[in-house]
Amino acid sequence: MNEPATAIEAAVAASPLHQLKDELDIVIPTIRNLDFLEMWRPFLQPYHLIIVQDGDPSKTIKVPNGFDYELYNRNDINRILGPKASCISFKDSACRCFGYMVSKKKYIFTIDDNCFVAKDPSGKAINALEQHIKNLLSPSTPFFFNTLYDPFAEGADFVRGYPFSLREGVSTAVSHGLWLNIPDYDAPTQLVKPLERNTRFVDAVLTIPKGTLFPMCGMNLAFDRQLIGPAMYFGLMGEGQPIGRYDDMWAGWCIKVICDHLGLGVKTGLPYIYHSKASNPFVNLRKEYKGIYWQEDIIPFFQQVVLPKDCTTVQKCYIELAKQVKEKLGKIDPYFDKLADAMVTWIQAWDGLNPTSASFSNGKTG
């Protein structure tokens, strides 16, 4: 039996996490009317939305009544950033990172418009945002793996043998959620498993260990904008670029290397959303095929990246990373020279809109 919306709304309002409504923005990239927000209303309506409209800026995007939002289209992006707008992708969901840049809140939750409210095994609607906030507000443990997963979760703790010197943990910068129904597969896997659906609900949150990369999916993602925001750039994708569907992957590799360097944590697992619609695998293959080859060089590059000790801010780390991208990956294809330049432009644009963040330094703990 479905829970009445009023009961859900009452539970959300009673939650202490509801107090974060003035500290968090929800960023949604879209090309269509946002009817999907109706099912999210009990959970998301208290929060401010930043909608980044992709594609034709003359098209009107309809948003359900009662939501507090601001909407930016390509004309707005060009007006606000001027020549630096070249770093924001067009005709690709990577445009969402513009919303990260213009936000003034501490936290960001980003979700795709084909992501619906999932249900746990008991049939209860999952408040994905609430779980993301829990993940971000509790420490991460990247330096030593806890076999009971998140030791700060209810009913768990550090197991015998876990060093007491590491039990304080570190600040969590990123919370990476998962999806039921349509899995986030690449095009070749989609083609050979067209009917596969993810029905496994794993009730766990893990800290991704230091030195381990992961494939970050941007459709159900939250992060601490003050800790890692300047590195959450989704690259150059879409129209005019030789690659697509690697926007969130690129950002994930970059943020993980920087989090490892600065002593910050990245979590994955809960919460789940319901991914309602699979994209066309043949269209995806055209977008991905160069990335599928290139990633065999890209991933070893990120595995071997070393950032200098004087890189004490996210911006300094990211500029250094852009330099190494140009030096090492530029040999693979000219696209990476262009991407490295866009990474620098992104930081310049970020600092232009967020001047106080340019001097923010993360305390390194490991």
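**View 1. Secondary structure and overall dimensions of the protein chain.** The protein chain carries 11 helices and nine strands in this predicted model. Its C-alpha trace spans about 60 × 55 × 45 Å along the principal axes. The radius of gyration is 20 Å, which agrees with the value near 21 Å for a compact globule of 366 residues.

**View 2. Burial, contacts and surface of the protein chain.** Of the 366 residues, 54% are buried. Among contacts with a separation of 6 or more, 76% join residues 24 or more positions apart. The accessible surface comes to about 16400 Å². Carbon and sulfur atoms hold 54% of that area. The chain has 38 positive and 40 negative charges, and their mean positions lie 2 Å apart.

**View 3. Aromatic pairs around Phe-158.** The structure holds 19 aromatic pairs. In one of them, the ring centres of Phe-152 and Phe-158 are 5.6 Å apart. Their planes meet at 90°, so this pair is edge-to-face. Phe-158 also pairs with Tyr-162, at 4.7 Å centre to centre. Here the planes are 45° apart, and the pair is tilted. Phe-152 is partly exposed, at 33% relative accessibility. Phe-158 is buried because its relative accessible area, 13%, is under 20%. Tyr-162 is buried too, with a relative accessible area of 2%.

**View 4. The aromatic cluster that includes Trp-250 and Trp-294.** Ring pairs link a set of Tyr, Trp and Phe residues into a cluster. The tyrosines are Tyr-246 and Tyr-335. The tryptophans are Trp-250, Trp-253 and Trp-294. Phe-301, Phe-302 and Phe-336 complete the cluster.

Key: Residues numbered from 1 in each chain as written. Predicted model: local features only at pLDDT ≥ 70, side-chain atom pairs only at ≥ 80, totals over all residues. Heavy atoms only, no water. Helix = DSSP H or I, 4+ residues; strand = E, 2+ residues; numbered from the N terminus. Rg over C-alpha atoms; globule rule 2.2 N^0.38 Å. Buried < 20%, exposed > 50% of the residue type's maximum accessible area, 1.4 Å probe, protein only. Contact = heavy atoms within 4.5 Å. Areas by Shrake-Rupley, 256 points an atom, 1.4 Å probe, with all protein chains shown as cover. Lys, Arg positive; Asp, Glu negative; His and termini not counted. Charge placed at Lys NZ, Arg CZ, Asp CG, Glu CD. Phe/Tyr/Trp six-rings, centres within 6.5 Å; stacked < 30°, edge-to-face > 60°.
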